[in-house]
Amino acid sequence: MVNSGRAPFNIFARIGSARPVKYHDHTEDRREVEAIPLLTDPDDCLTVANACLEKDILYGSARACFGNGLVTATANVWKDQRKLLNPKFNLNYLHSFLDVFNKQAKILVKEFECHIDKGEFDHGSLIRQNEMKTICQERMQKKIFPSDVSPHPENSPPLPAIKEKCGKGKTIEINPPIPHVAFVVLYLARSRTDTCCRPKGLISTDVPSLRHIIKKRKADHLNKLITGDVDEGENFKPFLDVLFELKKTVGDDVMTDKLIRDQVTTLIMAGHDTVSHVLQLTLILIGSYSGVQDKIYAELQQVFENSDRDVDKDDLTKLIYLEAVLKESMRLYSIVPIVSRHLHQDVRLKHYTLRRGHSCVLNLVSVHRHPMWGPDAEEFKPERWLNPNTLPSNPNAFIAFSLGKRNCIGRTYSMISMKTTLAHILRKYSINADHKKMQLKLECLMKPFAGHHIIIERRKK
Ligand code: HEM
C-alpha cells in the first residue's frame, strides 16, 4: 500500500486583488492569516465539498450561461434538481445509450480513415464534433439541429461561437510537466479578474434553435401523452423526454421551461467538451507509450476476437486495462483542474478552520500528483490501477469527477462512452504521438493547443 501519510501541503496563496479568506491555523497559536486556500489534501477537499454546496464567484460567467443547470445552480435549486436527475444516470438506463455510442464511434473511425498514412492530424477537432453529435442525439432525440427547426445546418452547431466567447481572455498557456501549484495560482489570478470584470452572460440559454427544439419536443411529448404512446421502461429515452416526464411528475413550478433549457445546455456543454478532451489526451498518451498500446490491443483481441462488432455491456466490464488507461490519463491531466466553493459557514479542516464568507479552491491537479501516489506520481503508469496495493489507500485520491455530494453526475456515462469509442478506434488503428511535445492551455478546461497531433496506421488483421 502506498503510504498516504499526512497530506503535506494545503496551500494558502495571496492572489492579486482577490479577496482572501481568513483561516485559523490550529497548530500555530491559533493565529489568523488571510489568504486563499487551495486544498490539496483529499480529506479536507471532501470536508469542504460536502459542507459548502454553493459555487463561488469563479462560476460567475458560467452561471450567466447555464443559469440553474446543475453545474452552476444555487444550492437550494441544486438539491431538488439533483435528487430528480440522479436516477436518470443509473447504469441500466445508461446502457440503453450503447447503440448511440457505438454508432457514433463507428462514424468517428470512418472520419479518421482519410488520415491513414498521411502524417499528423488534429484528431481533437474530429472527436469534439463527434461527441457533440453523440450527446445531442442521445440527449435530445435524433438531431438537435434538424433543418426543419434550426437556422444552423446540422454539421455546424453553434458550438464554436460559444467556445470562443467562453474562452475569451481566459487562456493561459502551460507546458508539461505541469508546475501544478504555481499553475493553479496563475489560473486563479487570471480567472478571478476575468470573472469579476466580465459584465454579461456569455452563452445565452436562449439560443433560438434550442428554444425551438424544446418547444417542438414539448409538443411531441404532449401528443404522446394524449395518444398514450409513452414508453415507461428502461429503454433508450432522450434526455429532453426525461425532463418533460419529470415536469409532469413534479409540476411546472419545479421544472420550468427555463430550467429545462438550463439543464439541457449544461448537459451538452459539460458532457461533450470534457469527454472529447479526455479522449484526445488519452489517444496522445496511448500513441506515446507503445507498451501500453500493445496491452490495450491484446485486451481488445481477447474480448472481441478479431471482430469489429459493437461493444455491449458485458464487454465493458472486461475492458479492465482500457479503463486503467483512461483513469491514469485523467489522473495525470485533470482536464477540470480546480473546482471552487463559497464558504457560507466556518469549516474545520484537519489543521485549520476556514472562516465563512469567502472562497475555497479544491485543487484537483495537485491531489492527483500528491505524494500519496508514490514516488512515480508524475509518471503515466496505467498498471497502478490494476492492483489496490499500488493505489493510495485514501478513497478520495482520484477526483477527476470531483467529490462529495456535488460530484459529476456524468461519471458513468463518460466511462461507458469513452471505453466504447476507444474500443472501436484502437481495434482499427495504431496510434503514434509524442506527449512530450504537447502544450496545454487553460480555458474553462485544461486542453492541448500545440504538439498534440497524432499519426494513425490501419491495423493488419
Ligand atoms: C471525462 C469526462 C468528465 C469529467 C472529467 C467531468 C468532471 C466534472 C467535475 C470535476 C465536476 C465538478 C464541477 C464543479 O464542481 O465545478 C463535474 C460536474 C458535473 N458534470 Fe461532469 N465530467 C465529465 C463528463 C460529464 C458528462 C458526460 C456529463 C453529462 C452527461 C457531465 C455532467 C456534469 C454535471 C451536470 C455536473 C454538475 C453536477 C452537480 O453539481 O450536481 N459531466 N464534472
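## Helix α14

In this predicted model, helix α14 is largely enclosed by the rest of the structure, because 11 of its 13 residues are buried. The helix covers residues 320-332 and reaches 18 Å from its first C-alpha to its last, close to the 18 Å expected at 1.5 Å a residue. Its buried residues include Tyr 321, Leu 322, Val 325, Leu 326 and Met 330. Charged side chains are on that list too, with Glu 323, Glu 328 and Arg 331 among the buried residues of α14.

What do these buried residues pack against? Their partners are α11, α12 (290-304), α15 (364-368) and α16. Leu 322 gives a residue-level view: leaving aside residues up to four places away in sequence, Leu 322 touches Ile 296, Glu 299, Lys 419, Leu 422 and Ala 423.

## The nonpolar cores

Leu 322 and Val 325 turn up again in the largest nonpolar core, which has 69 residues. Both belong to the group with the most contacts inside that core, along with Cys 45, Val 48, Ile 296, Leu 362 and Leu 364. Which helix gives the largest share of this core? That is α11, with eight residues.

Another core lies apart from this one and has 27 residues, among them Phe 66, Val 71, Leu 240 and Val 264.

## Helix α11

You have now met α11 as a packing partner of α14 and as a contributor to the largest core, so here is the helix itself. With 32 residues, α11 reaches 47 Å from its first C-alpha to its last, close to the 46 Å expected at 1.5 Å a residue. Is α11 enclosed or open, and why? It is largely enclosed by the rest of the structure, because 29 of the 32 residues of α11 are buried.

## Around the ligand

If the ligand is your main interest, its surroundings bring α11 back once more. The ligand is surrounded by 23 residues, and the closest are Gly 271, Thr 274, Ser 402, Cys 408 and Gly 410. By class, this shell holds 15 nonpolar, six polar and two charged residues.

Helices α11 (257-288) and α16 (411-428) each supply at least two residues of the shell. The largest share, seven residues, comes from α11.

## Two antiparallel strand pairs

In a regular strand, side chains alternate between the two faces of the sheet. Strand β9 (residues 429-432) has Tyr 429 and Ile 431 on a covered face, with Ser 430 and Asn 432 on an uncovered one. Four bridges join β9 to strand β12 (residues 455-458), and the two run antiparallel. Within this pair, Ile 431 stands opposite Ile 456 in β12.

Strand β10 (residues 439-442) also has two faces: Leu 440 and Leu 442 are on the covered one, while Gln 439 and Lys 441 are on the uncovered one. Its partner is strand β11 (residues 446-450), joined to β10 by four bridges in an antiparallel arrangement. The bridge partner of Leu 440 in β11 is Pro 448. A hairpin connects β10 to β11 through three residues.

## Loop residues worth a look

Most residues other than glycine have a negative phi. Asp 117 has a positive phi of about 55 degrees although it is not a glycine. This residue is found in the loop between α5 (98-113) and α6 (123-140). Asp 117 is exposed, with 8 other C-beta atoms within 10 Å. Glu 305 also has a positive phi, near 45 degrees, and its place is in the loop between α12 and α13 (313-318). Glu 305 is exposed, with 8 other C-beta atoms within 10 Å.

Asp 56 is in the loop between α1 (42-51) and α2 (60-66). Because it has 19 C-beta neighbours inside 10 Å, and 20 would be needed to count as buried, Asp 56 counts as partly exposed. Leaving aside residues up to four places away in sequence, Asp 56 touches Ser 340, Arg 341, His 342 and Ser 359. Asp 56 and Ser 414 are 358 residues apart in sequence and 26 Å apart in space, C-alpha to C-alpha.

## The whole protein

Stepping back, the protein has 16 helices and 12 strands. Buried residues make up 42% of its 461 residues. Among contacts between residues at least 6 apart in sequence, 77% join residues at least 24 apart.

Note on methods. Residues numbered from 1 in each chain as written. Predicted model: local features only at pLDDT ≥ 70, side-chain atom pairs only at ≥ 80, totals over all residues. Near = placed C-beta within 6 Å. Nonpolar A, V, L, I, M, F, W, Y, C, P; charged D, E, K, R; others polar. Core = buried A, V, L, I, M, F, W, Y, C linked by C-beta atoms within 7 Å. Buried ≥ 20, exposed ≤ 12 C-beta atoms within 10 Å, placed from the backbone. Contact = placed C-beta atoms within 7 Å. Expected span 1.5 Å × (residues − 1). Pairing = 2+ DSSP bridges.
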